[in-house]
Structure formats: structure tokens, C-alpha cells
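Here is a set of short questions and answers about side-chain contacts. Keep the structure in view as you read.

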Amino acid sequence: MDERVLGAGTSVRFAMLLFLLLAASGSMMLTVIIGLSDGDRAGCELAAGVDPDDSGFWGPAVSTTGQIHAFRYCESLWAPAPSWWQIAAWPALLAVSAALLFRLLPLWKARRGRVVPLEAADPDGELRPLLAELAATAGLSAMPRVVVDPAAGSTGAVVFGRTRRPVVCLDGGLLVTRHRDPVRFRTVLLHELAHIANRDITLTYATVAVWRVFLVLVLLPYLLLQGYWVHEALEAGNVPSLDRKVLLAAFMVALVHLARSDTLRSREVYADLTALRWGADPHGWAGGGPPDAAGPLRRALAPILEQWRTHPRLGLRQGALSDPAPLFRAASLPFFLTGAAAVLAAVHLLFHFAPYYIASSGVYLAASLVPAALVAGVAGIALWRAVAYAVLTGARVPSGIAAGAWMGAGMTAGTLLTGMGAGSAWLPERPYVLLLPVAVGAAFAWWITQCAHLWARTWRGRTLRPALLLGLGAVFLALASWFVWWQLGGAAYAGGYSMRAEGVAQWLVGRFPTTAPVRELVGAPGLTTLLPVLDTFGGTPLVALAATVLWVVPLAAWAVGPGTGALRWTPASAPVPASAPVDPVPALRRVLLPGLLCGALACVALVAVQVYMHGGQPGPDARGGLYAVRYAGWTLLALAVPSALAATAAGVAAGRFGLIGCLVAAQTATLLGFAGTTALVSLDGCVEALSVFQDGCAWRPAWQVGLFPYVQLLNIASVVATLVAGAVAVGVAVVRRVRPPRSRVPRRAARPGGVPARAAVVRWRLVAGLLCTLAAGTSAIVGAVHLRVLSAVPDLTVTQRVTTQLAGVPDRPVPAGTRVRQVHAWYHLSGDGLVELATTYSIRLNAALRGVRKGDSWDSLDRRLRPVCADWGRAEVFEMIWFRVPDRSAQADWHALGAWAGQGSRRCLQGLDARDVPAVMEALRELDAAGRCAATANARIDTVLREGGRAGTFRPPAKGIICNRLVQP
């Protein structure tokens, strides 16, 4: 069996390391640039009301996001974002420097004084014909350059340079022993030529060059900055704590080294096996590697030390020559490193955009595409290889669950180290949520192995690579959606994401307009917990497409059918053993029929929901709110229950392919049910007993009905069906393990009545094709809607309003000293200018009123008062352009100032336009009230600062001035 069947996967692993280093270079240097700049981001956070002692995520996030306009304005003044070229320069510099070092490394290794040309060490020319013969055996088009290191007494060799211009360097000891041990000489040379044929050189030395440049240009400045901060803490008399950034740098170093070492060890074994196919003697490697551990302690530490070596130990190399099974095993460490590297790369990419506040859904998706593709390549190829090896050798096909769980654990470790969802704390507020990536990783690996097993049993092509690419494409889309959801919703929920009942009720009224009072939504069960989580599924890009490919790709394999005869992709040299246990592939109808029947059941349930909702149908103006929410909830339940029944029936019938059988059946039922939902909502009102939103009959496309969240509900229904199928598959697998099924007698090939089985198979394949077409069309509709969503940059005003509405304004009690620091930051960063501006408006208003004389014309009065009234209108936006005062009493006066100023300014200008003297007088009283509130807010701020030992600026207002906080509507 060719050990490189389906590809070795090492090139993708090298690519992941290169991408991680490039992404980390810009992110880590951005930290250095911001750290060296003279900015005061901490002051802006204090002014926003953030408690510096609050190490959590959700409270500070709400304080800043709920005042995002003011926070951006503050940062633009006191901590401006670096220019884009400063961030882009470091990855570019890293790439250029690595390319230069990559060019210089061969010259340095082949420098004069260290190596000599082959002709100098072989003046008689005895080696040249032998080397030419070996190069021809290796299938090389040209003879590589050969040099000799005469000072090296070892009996080895090394190849360096580039794949197209390789250089083979022979140790002096190898030349000495070529006559005494020609077998070893030939074996070592074939091994090095195998590296050239396997195209190992370029990627290996490119990784070496990027890593060395990264250490000098990125990691060294990053650690120096961290050391400077530690030094500052020590000088201030503080004990520096273990910083996450230092631990992240250490983890990066260990991750890259371990992943690189594991990949290099694999390539060494692949080169050995390639040389073996070319005729190398299996005993030629004796003594050519580090000796195996001899002694109890060394034997105990050998597995740990082995992970750090770039060359495998001799025992592993010799064992692989007789049995290449280790090359096809899904080891835990590579999967763990892959999961961690993917999260680190995605977070590093997102950090590039963080200073510019353009993190839309499209940006999150873009930052997830490359990591998702690399994870799909690394983990997918490894698991497909394990399945192919098991099929060809007759071994039991692995489930991949353990390997996937290790990959999920790597995602969790990357989440913890980057602080995503945890703030500055080591653990998020809900640490149990971090178990979710472990479960998701196990589920992905389980799906990959079952899909690979199914394709391996049904594929009739000469190679499995087309099926592999199809399966990896499905995993790529699913992983991309998972990364986006985890970054947008999952990590935030782990960090304490929560919503107020009143906020959710107001948010629902905005989504589903109604004239009913909001208080009826506040007490509705599950709104504050279930709906926000479901809404994150509905708003995640590509989630419907990802859920679709996860069942369409296995369905395509089932539609191909097991066929008859030997599999064409299996090598002739390694036929499947006759005694090998073969898991039967269930017939296509056994997984489709439950889905079709339960899809019809879902349509019946949806009709029942229509009848039930019509019985409590309110008036036309009250059909939003809780009524629309209930309809969406009942619709989702009517889709979920039949999908669970379909998954149970198909899971029992699918045997070893239970997970993908459950997915196909559950998603088929959901798809048919949602098709029925589309028809019922689009024709709503045509049958009176089924009318929910409409009163008249007309064709109204369901995706255009404002009170029916069509796209969001489709996304949620697809995710719920996937989760239901996974849960049912786990339950069926547990039951099968506890109570193994009895063997069944295979049925006859023909049906009663003489109908050939071939015709039935064709009909079921036609049904599968129609289902795939319907699923593709539905996904296309959702994708078209999401194109507009992905291209939109988030509106900061909407973000601020929604955050404040849903989560409220955190006003947690803080120590008096912290409150003083917050008020001081609010006042001295920009608040003093606004207070002074409001005071100036009040002084100008009083001056204008004192200048009014009896008998002045209206035009003279207008010229005197209009500019003052217009200027007071600017005070209405003080709360928008700057933070709320981090003191409850001062904030109440400050809010009243804006409300009185806005109301009085509008009424004053309207009264002047209408020449309405009573209206102008009333407006002037409101503007005077705004001035009083400005004076009392300033007095409270001044009192807080003086009591905290910080000097204020303005004197307290005159005695008797009181702010009236009761603003008339």
C-alpha cells in the first residue's frame, strides 16, 4: 500500500504554521505599537464607567459598546489607532525578510571552508555514476548538486536549498564507509533523494526561515515590551502577575515547535518508505539515528522527549518500514495543535481590524475562512487516511471522536489564552461553555470518518481524491460557520452574555411591531435565555449552507450506491482481506423514507399550528409582538419534533453510519416541512381557517412578510435539525454499544411482483437528486440575503442603541476611589469642555435676556435670541458624543440638561418662526432649566473630585439653584 495515499497532509500542516506566523506578526506588533504610543485607552475606559478591577468580559464590553460613539471619539483624541500601513508593514516585512533568509540559507550551508564540491572529495569520479543511477531510480529529471562536509565524522547526509535547486551534502564519515558498508551508503542517499522527490525541501526551509525571522523581528520586541511593563510594575512597588500575553507568546513558541517537529518526523518516515520502494535495504538505517531510551526513567520520558525532536527515533523508523500504521493513525497531539492554531490565527486576524471598528459579520467570516480551510485540510486528510487504511487492511474503521475531542480541546485552549470572552480574567464567567468546542470537535471528526467510510465503500473512481475534496469542502463550510458563531455568540455567552427581560421585550417589539403593551412580553418564559441564543444562529453567515452540505454530501455518496465488484480506487497490491469485517451500507430508501414520511408529518403539524393560531388571531394592528413570536416558536417546534422522529428511525437503520443517516433523515424532514411553511405563509389568508397574519388572499412571498422572520427561521431550523440529529445519533450509538443489534438475513434482490431492485434504486436516486436540488435552491435564497448582510459595515448608532436596550447600562457599585478615578477621567478627557460649553450657553442666554428692552421690535428680539436657542440645541447630543457621567447623581442632572436643552431649543426656534410670544417664553424657561442642570451637574462633579483629593475647576453654583429632572413630554 502506498503510504502517501490521499496525500500525506504535511504540506497543509506547514501551510498552517506559515499562516499562523504571518497573522501573529501583525497582531503582536500592533500590541507593541499601541504599547509604545502615548495613548490613554485606559482613561477612556474609566470615563466610560469601566471598573479596572472588573476582570470579566461582559460588564466592560457593555459599558464601551453601549457608548460606542463616545468611546471612538475618546480614542480618536487620546489613543488614536495606528495607520493601516503600520499594521500591514510587519507581515510584509516578515515575508520579505523570510524570503531573503530562505535564499541565503543554502549559500550559508554551502559556504566555502565548510563544504567542498564532490569532485574535490572524489577525484577519481567513482561516485558520479552511482549518484546518477540513484537519481534515475528516484525519477529526478536532473542530478542535484552534491557537496561534501569533510569535517563531519557522522555517516549521514542532508539535503537543503529549494525543491527545484536542491543541494545534497554528504558527511565525510559516509564517504569513508562507502566501501565498507555500501548498503548504508545507498540507503542514506535514496532517503535524501526521496526528500527531493516528495517536495519536502521548499516548505521545510521556508518554515525555518519564517520562524527565525519571526523570533527576531516580532517575538523579541514583543517580549521586551512585556519585560518593560514588568519592570515598571516592580519600580512602582507592585508584584507583577503572570500576564496572559507572556503566556500566549510562550504557547505560540511551543505550538509552532511541536507542530513543526511532528511534521518533520512524519516527512522523515515518508522518505524512508519512499526509499524502501526504490529498493533501499530495510537494515540500512541501523545506527543512523538517535538511540532509543535505555533505562526506566529514560523510557518513561521518551514519549515526551520524542515530541520535541525533529527526527524520529530509530525504533519508530524501523517499525514503520514493516508496518506504516502509525502514519495513518489520528494522533492526539497534532489534532490538539491544529485546533489551537486555528483559534489563534483567527483571533490574530480579527485583532488587525479591532482598532478601526469595522468588525462586521463579513469581517468575522473573512477572518475564519483560511483557518477553517487549513483545519479542514489537516484534520480531514488525517481522518480520511485513517479510514482508507482501515478499509484496505480490514481493520475496524475508527470513529475519530477522540481525535476530534483533542482538536476541540485545542480550540478551548486557544480561546482561554487569547482571552476571547473572558476579558482579563483567566476563566470566563461561564466556564462550562468552554466544553462546547470539545463536543463540536468530536462531532466534526465523527462526521468526517463516517462520510469518508461511506464514500470509500461506494466510490467507483480510480482515486478517492474527488470524494476527499468534496468531503473537505463540506467540512470547510461547516467549520467557517462554527468559527463565526463562536466568535460572535459562543465566546460572548461564555463571558456572561445576558439580557434584561425589558430589553428583550422592546427588541421583540422592534422586530415584530405591535400595539400591544410591552409588559406582556416581559413575563413570557424563555425569552431572555432561549431567544437571544437562537437569534445568534439566525444571524450567523453560511449556517444554512453549512447545515445543507453536511447532509447533501453523504446523501450523494448513498445515491452512488455500493455497486458490485471490487473498489477501483484500492491498489492491486493491497486487496481487502476476504475475512475482513465489512459494515454493510444501508439501502438509500432506509434513510430517505423516514425523512419523507416525517416531512409529511411536519406539514400536517404546520397546518395544525395555523389552525391553532387562527383561533386566537387578534386585530390587524396587534398581530406582531408576542403573537408573532408564538407563531415562529410553534413553527420551529413543528419542524423539530418530526425531524427528531426521522433521525431516530434512520439512526437505527443506518448501523455504523448512524450520524450521517440521522442528518439526512432529519434535514430531509425539516426541508420538506419548511417548504410547506413557505407555501402556507405565502398563501396566508386564502383559507380563512388557516389565516394567521393576512385577511385577504394574495401571493405574498414568505421572505417578504415582515412579521415572519423567514431567513432567520430557516437558519435556526437547519441548526436545530443538525443538533437534534447529533443528539439522536449519540443516543442510538450508546444503545447499540450496550445492546448490539442482532445480525439480519439479507433480503432478496427483487421485490414482490417481479419489480427489479435496480428500478427501485433508480427511483430513490431520483428522489435524492430532487432533495439536493431543493436544498441547493433554499441555500441560494439565504445566501443572497446574507450577501447584503455581509457587505454592510455595522452602524454604530444601531449597535449602541441595541446594546443599551438589551443589556442596559451597568451601574455596578465600585469603591469610592475607583469612582473618583472614573469621574476624573470623564471630566478631564473632554467632559470639562462640554460643561464649560453648557455654562457658556447659559451665560449667553442670560446676557441676551438682560439686553432685551421694552419696545424692541420682533426682528431685534429674533436676532438676539435665535443664535442662543440654536446653540442650546447642540447640548442635546452631549450624551451621544460623550460618556454618561460615572456618578448617578451627576448623570441624572446631565441627562436632564440634554433633555431640557433639546426640548427648549426646538420650541424656541418654532416660537420665533411663528412669532408666538408665550411659546418663546416657555422655551426660555426650559433653556434656563438646562442651565441650572448644567450648574448642579458641575457642582456634583466638583464635589466628587474634591472629596477624592483631586482639584476641581468650577466653583459650586449659587445657593438655591436646583436642577428640575422632571422633563415635560
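Q: What makes Arg906 partly exposed?
A: This is a predicted model. In it, Arg906 has 42% relative accessibility. Partly exposed runs between 20% and 50%, so Arg906 counts as partly exposed.

Q: Why is Glu876 called partly exposed?
A: Its relative accessibility is 38%. That value lies between 20% and 50%, so the label for Glu876 is partly exposed.

Q: How do you know that Glu876 and Arg906 form a salt bridge?
A: Their closest N and O atoms are 2.9 Å apart. The cut-off is within 4 Å, so the pair counts as a salt bridge. Glu876 sits in the loop between α30 and α31, and Arg906 in helix α32. They are 30 residues apart.

Q: What makes Arg178 and Glu126 a salt bridge?
A: The N to O distance is 3.8 Å. The limit is 4 Å, so Arg178 and Glu126 qualify. This pair links distant parts of the chain, 52 residues apart.

Q: Is Arg178 buried or exposed, and why?
A: Arg178 has a relative accessible area of 18%. Buried means under 20%, so Arg178 is buried. Its partner Glu126 has 44% and is therefore partly exposed.

Q: Why is the contact of Phe328 and Tyr389 called stacked?
A: The ring centres lie 4.6 Å apart, with 15° between the planes. Centres must be within 6.5 Å and planes under 30 degrees apart, so this aromatic pair is stacked. Phe328 lies in the loop between α13 and α14, and Tyr389 in helix α15. Both residues are buried.

Q: Why is the contact of Trp558 and Phe657 called edge-to-face?
A: The centres are 6.4 Å apart, with 70° between the planes. The centres are within 6.5 Å and the angle is over 60 degrees, so the pair is edge-to-face. Trp558 is in helix α22 and Phe657 in the loop between α24 and α25, so the pair ties together parts 99 residues apart in sequence.

Q: How do you know whether Trp558 and Phe657 are buried or exposed?
A: Trp558 has 3% relative accessibility. Phe657 has 0%. Buried means under 20%, so both count as buried.

Q: What makes Arg430 sit over the ring of Tyr493?
A: The charged end of Arg430 is 4.2 Å from the ring centre. The distance limit is 6 Å, so Arg430 meets that part of the rule. The charged end of Lys109 also sits over a ring, that of Phe160, at 5.9 Å from its centre.

Definitions and conventions. Residues numbered from 1 in each chain as written. Predicted model: local features only at pLDDT ≥ 70, side-chain atom pairs only at ≥ 80, totals over all residues. Heavy atoms only, no water. Phe/Tyr/Trp six-rings, centres within 6.5 Å; stacked < 30°, edge-to-face > 60°. Helix = DSSP H or I, 4+ residues; strand = E, 2+ residues; numbered from the N terminus. Buried < 20%, exposed > 50% of the residue type's maximum accessible area, 1.4 Å probe, protein only. Lys NZ or Arg CZ within 6 Å of the ring centre and 35° of its normal. Salt bridge = Lys/Arg side-chain N within 4 Å of Asp/Glu carboxyl O.
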